[in-house]
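User: I am new to reading structures like this one. Please walk me through it, one feature at a time.

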Amino acid sequence: MATEFLNDIVAIRQRARRHMERGAVTPGYRGDLEVVLRILNEALATEIVCVLRYRRHYYMASGIHAQAVAAEFLEHANEEQGHADLIAARIVQLGGSPDLNPEGLVKRSHAEYVEGENLRSMVKEDLIAERIAIECYSEMIRYIGDTDPTTRRMLEEILANEEKHAEDLANLFANPRPAPDE
Ligand SMILES: [Fe+2]
Ligand SMILES: [Fe+2]
């Protein structure tokens, strides 16, 4: 068993020397790189759309004196930006390039950009977007399986955070204090 592993190590050392320009992507990478990069770019577009929607909601809610809800929107906006940064960095690490082109951003995104006319509809649209994100991240995690543990771990962390966002919004939606329909 030990000898077998040692033989593997020799092969691993040899493979590591080939295609060094690929950086973190070694011949042992088991994911379908093209598909992984595409779905990561879709997730990136989704996060950017979520940042924009939450920021819009933050400014609008600030204007209607709903400080607690506005603070929640801002916190989510900043966390979505954090997700976008993680995803973009992983795309680069995998040898891809993050697509931040504003053209077609909404088309590439899973979630929608809905402005909402009042506080209640903003909370509702954000909750729907979070639920879409939860479904999409779950699907991506299932697809990646054990082919790319680093990407999967990142997606799992983001998913946990989206579930927290959905919970926060569901609480705001169910609990009218501070009144989401002011
Ligand atoms: Fe996010
Ligand atoms: Fe979120």
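Analyst: We will look at a metal site, a nonpolar core and a cavity. Bear in mind that this is a predicted model.

User: Let us begin with the metals. Which protein donors does the iron ion (ligand 1) have?

Analyst: To read a metal site, list the donor atoms, then place them in the chain. Here the donors are Glu47 (OE), counted twice, Glu80 (OE), His83 (ND1) and Glu162 (OE). They lie 1.9 to 2.4 Å from the iron ion (ligand 1). Their spacing in sequence is E-x32-E-x2-H-x78-E. The site links distant parts of the chain: Glu47 sits in helix α2 and Glu162 in helix α6, 115 residues apart.

User: Are Glu47 and Glu162 buried or exposed?

Analyst: Glu47 is buried, and Glu162 is too. Buried means under 20% relative accessible area.

User: Now the other ion. Which protein donors does the iron ion (ligand 2) have?

Analyst: Use the same reading steps. Glu80 (OE), Glu130 (OE), listed twice, Glu162 (OE) and His165 (ND1) are its donors, at 2.0 to 2.3 Å. The spacing pattern is E-x49-E-x31-E-x2-H. Again, distant parts of the chain are linked: Glu80 belongs to helix α3 and His165 to helix α6, 85 residues apart. Both Glu80 and His165 are buried.

User: How far apart are the iron ion (ligand 1) and the iron ion (ligand 2), and which residue bridges them?

Analyst: With two ions, look for a residue that coordinates both. The ions lie 3.9 Å apart, and Glu80 bridges them.

User: Next, the core. What is the general idea?

Analyst: In soluble globular proteins, nonpolar side chains tend to be buried together. In this model, the largest nonpolar core has 41 residues. Leu40, Phe73, Ile87, Tyr137 and Leu155 have the most contacts inside it. The elements giving two or more residues are α2 (33-63), α3 (67-93), α5 (119-144) and α6 (149-174). Of these, α2 gives the most, with eleven residues.

User: What does Leu40 touch, beyond residues up to four places away in sequence?

Analyst: Its partners are Ile87, Arg90, Ile91, Leu94, Met140, Thr151, Met154 and Leu155.

User: Last, empty space. How many cavities of 30 Å³ or more does the structure hold?

Analyst: For a cavity, read the count, the volume and then the lining. The structure holds one of that size. The largest cavity has about 40 Å³ of space.

User: Which residues line the largest cavity?

Analyst: The lining is Arg53, Glu112, Val114, Glu125, Ile128, Ala129 and Ile132. Helix α5 gives the largest share, four residues. By class, four are nonpolar, three are charged and none is polar.

Technical notes: Residues are numbered from 1 along each chain as its sequence is written. Chains are lettered from A and ligands numbered from 1 in the order in which they are written. This is a predicted model: local features need pLDDT of at least 70, side-chain atom pairs count only at pLDDT 80 or more; totals for chains, interfaces and linings use all residues. Side-chain values use heavy atoms; hydrogens and water are left out. A nonpolar core is a set of buried Ala, Val, Leu, Ile, Met, Phe, Trp, Tyr and Cys residues joined through side-chain atoms within 4.5 Å. Buried means under 20% relative accessible area, exposed over 50%, partly exposed in between (1.4 Å probe, protein chains only). Contact means heavy atoms within 4.5 Å. Donors are N, O and S atoms within 2.8 Å of the metal (3.2 Å for Na, K and Ca); water is not among the atoms, so sites may look incomplete. On a 1 Å grid over the protein atoms alone, a cavity is a set of points where a 1.4 Å probe fits but cannot get out, and a pocket is an open set with protein on both sides within 12 Å along at least five of seven lines; lining residues have an atom within 4 Å of a point. Grid points are joined across faces, edges and corners, and a volume is the space filled by probe spheres set on the points. Ala, Val, Leu, Ile, Met, Phe, Trp, Tyr, Cys and Pro count as nonpolar, Asp, Glu, Lys and Arg as charged, and the others, Gly among them, as polar.
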